[in-house]
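Visitor: I am new to this structure, and I would like to learn how its descriptions are justified. Could you take me through the reasoning step by step?

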Amino acid sequence: MITRSVCSLIATSACVLFAQTPAVPVQPTAGAPIYRVTVVERTTKAINYRYRSDPTMIDFAGTVLMPTAKGSAIVTSKQGRTEIDANFQHLTSPGALGPELLTYVLWALTPDGRPHNLGEVIANSRDHAGLRVSTDLQAFALIVTAEPYSAVRAPSDVVVMENKVRPDTEGLIEQVNARYELLPRGHYTLDLSSGARPQPPDLGRVSTREYEVLLELYQAQNAINIARSARADAYAGDQLARAEGLLNSATDRHNRKGDRTLILQEAREATEAAEDARLVAEERVRKQESARLAAEAAHHREAQARAEAEAARARADRQAVEEQLQRTEAAMQANQQKANAQLQVERAARVRAEADVSALQQQRTSEAQVKASDLALKQRQADQRAFRARVFESLNATLPVIDTPRGLVVRLGDSSFTGMQIHPDVSQRARRLAATLASYRGLTVGVEGYCDNPALEQEATARAEEVAALLRAEGIQAFAQFKGNQHPVGPAPIDNRRIEIVVTGESLGDSATWDRPYSVTLPPSTEAHQR
C-alpha cells in the first residue's frame, strides 16, 4: 500500500502546476520562475563492460541533494545488448526537490556525454525501487535524476545518485567529461503568480497498482502544462492536441475503472507526445528568434551604411565650401590694387557666399530634425504595436481575444451565463484575465452588454455589471454600459446577445495589429435602426 503522505506529495506537485496559466511573456512584476539554476559541469566514472563478459556489480551513491540514497546494480554484457538489474534504497519523494518534479529517471551517459533515458524509477512505500532494463551501449556511466515526467529527452540538473566503482567491479573504467548539458530546473517549470497554491486532495491509502496509474496521469498532465508553457499550443498544436486527447482518454478510462494496462499505455503516450510538442515548439521559437536577430542585425547594418554615406556627403559639401572660400580670398588678394568700388563688390560677393553656406547648413539641420521627428513617431508606433501584441497574447492565453479598431475585445457569449449570473468556470478564467490586466499599466477596461431584443436590456445590463464587478473585485477599474445591438456580429436575435470586455489605452495605440487607424461611420439607416 502507498501511504497518504506519498500520494499527497505527488498531488501537491501536480496541483501546483495544473492550476497555473500557461507561461507567456510577462512584465517583470508578474513574478519569477520557481528556480534560477546555473548548470554546473559534473564528472563521474564510466565503465566499458567487456563484450560477453561475466556479470559485474556496481554501487550507487547519493549526491548532496539526497545524501542518504544508495543502491547497487548487476550489469551483464550479452550479444548486442547490456542488461542492467538495479535496486535503490532511501529514494524519498521527488516533490521535496521541487514542486514540478514527479518521478525519477535512470540515465546512461556515454564517455562523450550523450544521455540515454533507460527508464522510470518508481519507489514503493518503503522508499525502495527496482528497475531491470537493457541498452545497446557498452561503455557508459549511470546516474539517477528527478524529473517532471519520465519521457524527458535530456537529464535535469537534479542529480540524486551516481554510479560508484566497487573494488570487485569488472570492466575498463573511463572518465566521463561530464558536459552532458544538464537542464536547469527552471527549464521545466511554469512562471507562478503570487496567488495562493491549491491544497492537494486527501487520497488516503491506495494500492501500488493505483499509485502507478495516478503517477502516470500526473506526469502526463505535468508534461502537457510544461509543453503549453513552451507555447506548444501555438507552434506544435497537432502534437499537443494528440497528447491532450490521449490524456483525456486515459483519464476517462480510469474514471470508468477500465483496463489498467490501456490506461498506463495511453498516459505514457500522452507524456511522450507532450514532450515531442515541447521540443518542436522550442525549436520553432529558437528559429524565429534567430531570424529576428538576423533581421535586426541587417537593419543595423543598413542604418550604419546610410549614416556613413550621409557623413561622406557632408564632408564633401564642407570641402566644396572651403575651396570656394579659398578661391574667393585668392581673388581678393590679386585685386587689392583695384579701385575701392571693386573691393566693395568683392566683399559683398564673399558675404553672399557665407550667407549661402549658412543657409545650406540651416537647411540640413532642419532636414535632420524632420527625419529625427519621423523616426521618433515611427518608433512610438512600433512600440505601441509590440505592446498591443504582448497584451493580446497574454489575455488570449486565458480567454479568446479579438483585436479590433475599438481595442482588444474579450467576447463572452450567451452560453457563458445562466440568467444574469456568469458561469463559475468562466468566472475563474475572468479572474485570471484580471490578474493579467493588473500586470500592465495605463489600460482602460470597459464592459459592454449587447442584445437585439429591447426587452432583454435589463438582463444585458445586469450581466455587464456582473462582469465589471468581478473585475473590480480583482483590482481592475472597470465600468459597465449597455450598447443595445451596436456592432452586430451575426444575424439577430441570438448571435448578438453577448458581453464584451474592451481593453483600450494610449499605450495600445489606436489601430489593430492587422490594420491602420480608421473611423467607422454607420449609414443613416443603420443609425436610425439602432435608435
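Visitor: What makes Arg 81 partly exposed?

Guide: In this predicted model, Arg 81 has a relative accessible area of 34%, and since partly exposed covers the range between under 20%, which is buried, and over 50%, which is exposed, Arg 81 counts as partly exposed. Glu 83, with a relative accessible area of 25%, is partly exposed too.

Visitor: Why is the pairing of Glu 83 with Arg 81 called a salt bridge?

Guide: The closest N and O atoms of Glu 83 and Arg 81 are 2.9 Å apart, and because a salt bridge asks for a side-chain nitrogen of Lys or Arg within 4 Å of a carboxyl oxygen of Asp or Glu, the pair qualifies as a salt bridge. By this rule the count comes to 29 salt bridges.

Visitor: Which residues does Ser 134 contact, leaving aside its neighbours within four places in sequence?

Guide: Ser 134, whose place is in strand 7 (residues 129–135), is in contact with Arg 81, Thr 82 and Glu 83. Ser 134 and Thr 82 are 52 residues apart in sequence, yet their C-alpha atoms are 5.4 Å apart in space. With a relative accessible area of 45%, Ser 134 is partly exposed, because this value does not pass the 50% beyond which a residue would be exposed.

Visitor: How do you know that Arg 231 and Glu 393 form a salt bridge?

Guide: Their closest N and O atoms are 3.9 Å apart, and the rule requires them to be within 4 Å, so the pair is counted as a salt bridge. Arg 231 lies in the loop between helix 2 (208–229) and helix 3 (232–235), while Glu 393 lies in helix 6 (residues 340–396), so the pair ties together parts that are 162 residues apart in sequence. Arg 231 has a relative accessible area of 25% and is partly exposed, and Glu 393, at 32% relative accessibility, also counts as partly exposed.

Visitor: Where do Arg 292 and Glu 296 lie?

Guide: Both lie in helix 5 (residues 260–334), four residues apart, which is about one turn of the helix. Their side chains meet in a salt bridge at 2.3 Å, N to O. Arg 292 counts as partly exposed at 37% relative accessibility, and Glu 296 is partly exposed with a relative accessible area of 42%. Elsewhere, salt bridges that share partners join Arg 406, Arg 411, Glu 448, Arg 498 and Glu 500 into one network.

Visitor: Why is helix 2 called roughly antiparallel to helix 4?

Guide: The axes of helix 2 and helix 4 (residues 237–255) come within 10 Å and cross at roughly 155 degrees. Angles over 145 degrees count as roughly antiparallel, so helix 2 is described as roughly antiparallel to helix 4. Helix 2 passes helix 4 in a left-handed crossing. Among the residues that make the contact are Val 213, Leu 214 and Leu 217 of helix 2 and Leu 240, Ala 243 and Leu 247 of helix 4. The residues of this contact divide into 10 nonpolar, three polar and three charged.

Visitor: How many helices and strands does the chain have?

Guide: The chain has nine helices and 17 strands, and of its 531 residues 38% count as buried.

Key:
Residues numbered from 1 in each chain as written. Predicted model: local features only at pLDDT ≥ 70, side-chain atom pairs only at ≥ 80, totals over all residues. Heavy atoms only, no water. Buried < 20%, exposed > 50% of the residue type's maximum accessible area, 1.4 Å probe, protein only. Helix = DSSP H or I, 4+ residues; strand = E, 2+ residues; numbered from the N terminus. Contact = heavy atoms within 4.5 Å. Axes fitted to C-alpha atoms, helices over the stretch in contact; angles between N-to-C directions. Parallel < 35°, antiparallel > 145°, perpendicular 65-115°, else oblique. Left-handed = near helix turned anticlockwise from the far one by under 90°. Nonpolar A, V, L, I, M, F, W, Y, C, P; charged D, E, K, R; others polar.
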